[in-house]
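Me: I'd like to go through this one and ask how each label was earned. Can you take me through it?

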Amino acid sequence: MDPYSELRQVRQNLEAMSKMVAGLENDILDTLKENTELKMENQLLREKLDKLTAEKAGKEVKSQSGLASLRKIYESGYHICNMYYGTHRDPSSDCMFCLDILDNFKHKGKGVGHASTK
C-alpha cells in the first residue's frame, strides 16, 4: 500500500472515530439529563409521599420544606423553571425564571399573592 493510500485510510478511521466519540458524547449528555430529571421527579414524589403520610397522620406539611427542596436543587446547579427544567445551570449566573419560581413560592407560603404584569 502506498503512503497516500495509508494516509487516506488513517483519515477515514479518524473521521469514523470522531463520529463515534460525538455520538457517545450525545448519549452521555442524554443520560445525564435523564438522570437529573429522574432525581428531581424522585424528590417531588418523596415530598408528595411525605405530604400524604403527614395528612394521614393528621399533621400539616409546611410549604417551607418544598421551598427548601427547590432551593437546594437550584443551588446544586440545576434549573427548576419550566423553560429549562432539569438541565444544568451555569453556577456563576442566575436564571430569572428559576428565581421567579422561588420568589413566588416564598410569597405564596406567606399568604402574599403575586400579580404578574405583561
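What follows is a short back-and-forth about helices, burial, the core and a pocket.

Reply: Sure, ground rules to start with: this is a predicted model, where local features need pLDDT of at least 70, side-chain atom pairs count only at pLDDT 80 or more, and totals for chains, interfaces and linings use all residues. Residues are numbered from 1 along each chain as its sequence is written, and side-chain values use heavy atoms, with hydrogens and water left out.

Me: What makes up the secondary structure of the protein chain?

Reply: Three helices and zero strands, running α-α-α from the N terminus on. Helices here are DSSP runs of H or I with at least four residues, strands are E runs of at least two, and both are numbered from the N terminus.

Me: Why does His79 count as buried?

Reply: Buried means under 20% relative accessible area, exposed over 50%, and partly exposed in between, with a 1.4 Å probe and protein chains only. His79 comes in at 9% relative accessibility, so His79 counts as buried. For the protein chain, 17% of the 118 residues count as buried.

Me: Where is His79 found, and what is His79 in contact with, leaving aside its neighbours within four places in sequence?

Reply: His79 is in the loop between α2 and α3. Contact means heavy atoms within 4.5 Å, and with those neighbours set aside, the partners of His79 include Met40, Tyr84, Tyr85, His88, Cys95 and Cys98.

Me: Which residues make up the largest nonpolar core?

Reply: There are eleven: Met40, Leu67, Leu70, Ile73, Tyr74, Tyr78, Ile80, Cys81, Cys95, Cys98 and Leu102. The label fits because a nonpolar core is a set of buried Ala, Val, Leu, Ile, Met, Phe, Trp, Tyr and Cys residues joined through side-chain atoms within 4.5 Å. Two elements, α2 (63–75) and α3 (96–109), give two or more residues to this core, and α2 gives the most, with four. Leaving aside neighbours within four places in sequence, Tyr74 is in contact with Ile80, Cys95, Cys98 and Leu102, among others.

Me: How many residues of each kind line the second largest pocket?

Reply: Three nonpolar, five polar and three charged. Ala, Val, Leu, Ile, Met, Phe, Trp, Tyr, Cys and Pro count as nonpolar, Asp, Glu, Lys and Arg as charged, and the others, Gly among them, as polar. Lys39, Arg46 and Lys72 are among the lining residues, so those three count as charged. The largest share of the lining, six residues, comes from α1.

Definitions and conventions: On a 1 Å grid over the protein atoms alone, a cavity is a set of points where a 1.4 Å probe fits but cannot get out, and a pocket is an open set with protein on both sides within 12 Å along at least five of seven lines; lining residues have an atom within 4 Å of a point.
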